[in-house]
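Visitor: I am new to this one. Could you walk me through it with a few questions and answers?

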Amino acid sequence: MKKIVLGNTGLEVTELNFGALPIGPIQGNKPVDEAARVMSLALRSGVNFFDTAQMYKTYEPIRLAMEETGIRPVISSKSVAASYEDMDAAINEALEKLGLDYIDIFFLHAARVGESPTVFEQRGEALRCLLDHKKRGTIKFAGISCHAVDVVKLAAVHPDIDIVFTIINSAGLGIMRGTREEMEAAIELCHQNGKGVMFMKVLGGGTMLNKYEEALEYALNLSKGRACVSLGMVAEEEVISNVDYFNGNSISEYLNTVAGNTKNMLIFRAICTNCKKCADVCGADAITFEQTAIIDSEKCVTCGYCVGVCPQFAIRFI
């Protein structure tokens, strides 16, 4: 499988990144042993780059997959922590639960919360913590995951940011404060400044499966071999199909079969308390409120972040 180097970091990773969000509790909720089998297959198939996060709760199956295969991939994780102490706890949690001495990449997880043009000031203490861990070697590189054009542009010139993990897709779904074309220009600025670049939501959170080849062709043409593409995978068939495609083969029968499937977020309005925590983490501006929360299906990229923060468990992934 083709490998790329992430900016000036020297990290050589597969162009296909295993996104661990969909397999975890806030989306697919696969049993840990089943998730570990899927991840093990990805490792054995040559995928050497895994992305997770504190909120995804997928550290255990990654650790089990590493133990089962004896393969240690490049790993990125992230946290929405804003304070030094909370970010320190998040990094230590990742190290402990993954059973590792260091994490390759740790991101400020913007995820809408704090994702404003002042994000680096608002999250300054968390970033300082990342840099301290970088000095100690417990993380190798620091970055930010984000959805907004202005934040990507700021990250492109920020001296302490090594890697930018940004939303991008051919439909422009989920991009905040700018157009798809403006995000493309911001991504190019990242490349020009030696930042590593990772693409998320290239399939619109699964809403563009019926345009799989078109969506991937767009992302790979935009990358020009300089960025990796993170795809969420929840089944062995998905791993096989995605690996096959990234190895230069045509779309598989399995992907043709699932292309018509849809993913949706459902709100149980009877138990919604209108606390608005879901809107705080929605990177797609898809949630509004009347008497309860309402999700705009045309904007929603089915990331599931709202599920993870709802105190009433009023939002379900179906």
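What follows is a short tour of a predicted model, helix by helix and then residue by residue.

Visitor: What is the distance between the end C-alpha atoms of helix H3 (residues 84-98), and what should its residues span?
Guide: H3 has 15 residues. At 1.5 Å a residue, they should span 21 Å. The end C-alpha atoms agree with that, because they are 21 Å apart.

Visitor: How wide an arc do the buried residues of H3 cover?
Guide: The buried residues of H3 are Tyr 84, Met 87, Ala 90, Ile 91, Ala 94, Leu 95 and Leu 98. They sit on the same side of H3, because they cover an arc of only 130° around the axis.

Visitor: Which exposed residues are on the face of H3 turned away from its buried side?
Guide: The buried side of H3 is covered by elements including helix H2 (59-69), strand S5 (74-79), strand S6 (103-109), helix H5 (124-136) and S7. The face turned away from that side carries exposed residues. These are Glu 85 and Glu 96.

Visitor: Which residue just after H3 takes a positive phi?
Guide: H3 covers residues 84-98. Just after H3, a phi of about 70° appears. The residue is Gly 99.

Visitor: Which elements cover the buried residues of helix H1 (residues 32-44)?
Guide: In H1, the buried residues are Ala 35, Ala 36, Val 38, Met 39, Ser 40, Ala 42 and Leu 43. What covers them includes strand S3 (16-19), S4, H2 and helix H9 (236-246).

Visitor: What phi does Gly 46 take?
Guide: The 13 residues of H1 should span 18 Å, and the end C-alpha atoms are 18 Å apart, which agrees. Gly 46 comes just after H1. Its phi is positive, at about 105°.

Visitor: Which elements do the buried residues of helix H6 (residues 149-157) pack against?
Guide: Val 149, Val 151, Val 152, Ala 155 and Ala 156 are the buried residues of H6. They cover an arc of only 160° around the axis, which puts them on the same side of H6. They pack against helix H4 (119-122), strand S7 (139-146), strand S8 (163-167) and helix H7 (180-192).

Visitor: Are H6 and H7 roughly parallel or roughly antiparallel?
Guide: The axes of H6 and H7 are 8 Å apart, and the helices pack at an angle of about 10°. Angles under 35 degrees count as roughly parallel. H6 and H7 are therefore roughly parallel.

Visitor: How many residues of the contact of H6 with H7 are nonpolar?
Guide: H6 brings Val 149, Val 152, Lys 153, Ala 156 and Val 157 to the contact. H7 brings Glu 182, Met 183, Ala 186, Ile 187, Leu 189 and Cys 190. Of the residues in this contact, 2 are charged, none is polar, and the nonpolar ones number 9.

Visitor: Is Phe 49 buried or exposed?
Guide: Phe 49 lies in strand S4 (residues 49-51). Beyond its neighbours in sequence, Phe 49 touches many residues, among them Leu 6, Phe 18, Ile 105, Met 198 and Cys 228. Buried means under 20% relative accessible area. Phe 49 has 0%, so it is buried.

Visitor: How many Å separate the C-alpha atoms of Phe 49 and Ile 75?
Guide: Phe 49 and Ile 75 are 26 residues apart along the chain. In space, their C-alpha atoms are separated by 5.9 Å.

Visitor: How many Å apart in space are Leu 11 and Leu 21?
Guide: Leu 11 is in the loop between strand S1 (3-5) and strand S2 (12-14). Leu 11 counts as buried, at 13% relative accessibility. Leu 11 and Leu 21 are 10 residues apart in sequence. C-alpha to C-alpha, they are 22 Å apart.

Visitor: Where is Lys 201, and what is its relative accessible area?
Guide: Lys 201 has a positive phi of about 55°, although it is not a glycine. Lys 201 lies in the loop between strand S9 (196-200) and helix H8 (212-223). Lys 201 is buried, with a relative accessible area of 14%.

Visitor: What is the relative accessible area of Arg 177?
Guide: Arg 177 is not a glycine either, yet its phi is positive, at about 50°. Arg 177 is in the loop between S8 and H7. Arg 177 is partly exposed, at 41%.

Conventions: Residues numbered from 1 in each chain as written. Predicted model: local features only at pLDDT ≥ 70, side-chain atom pairs only at ≥ 80, totals over all residues. Heavy atoms only, no water. Buried < 20%, exposed > 50% of the residue type's maximum accessible area, 1.4 Å probe, protein only. Helix = DSSP H or I, 4+ residues; strand = E, 2+ residues; numbered from the N terminus. Arc of directions from axis to C-beta. Contact = heavy atoms within 4.5 Å. Expected span 1.5 Å × (residues − 1). Axes fitted to C-alpha atoms, helices over the stretch in contact; angles between N-to-C directions. Parallel < 35°, antiparallel > 145°, perpendicular 65-115°, else oblique. Nonpolar A, V, L, I, M, F, W, Y, C, P; charged D, E, K, R; others polar. Lists of a residue's contacts leave out its neighbours within four places in sequence.
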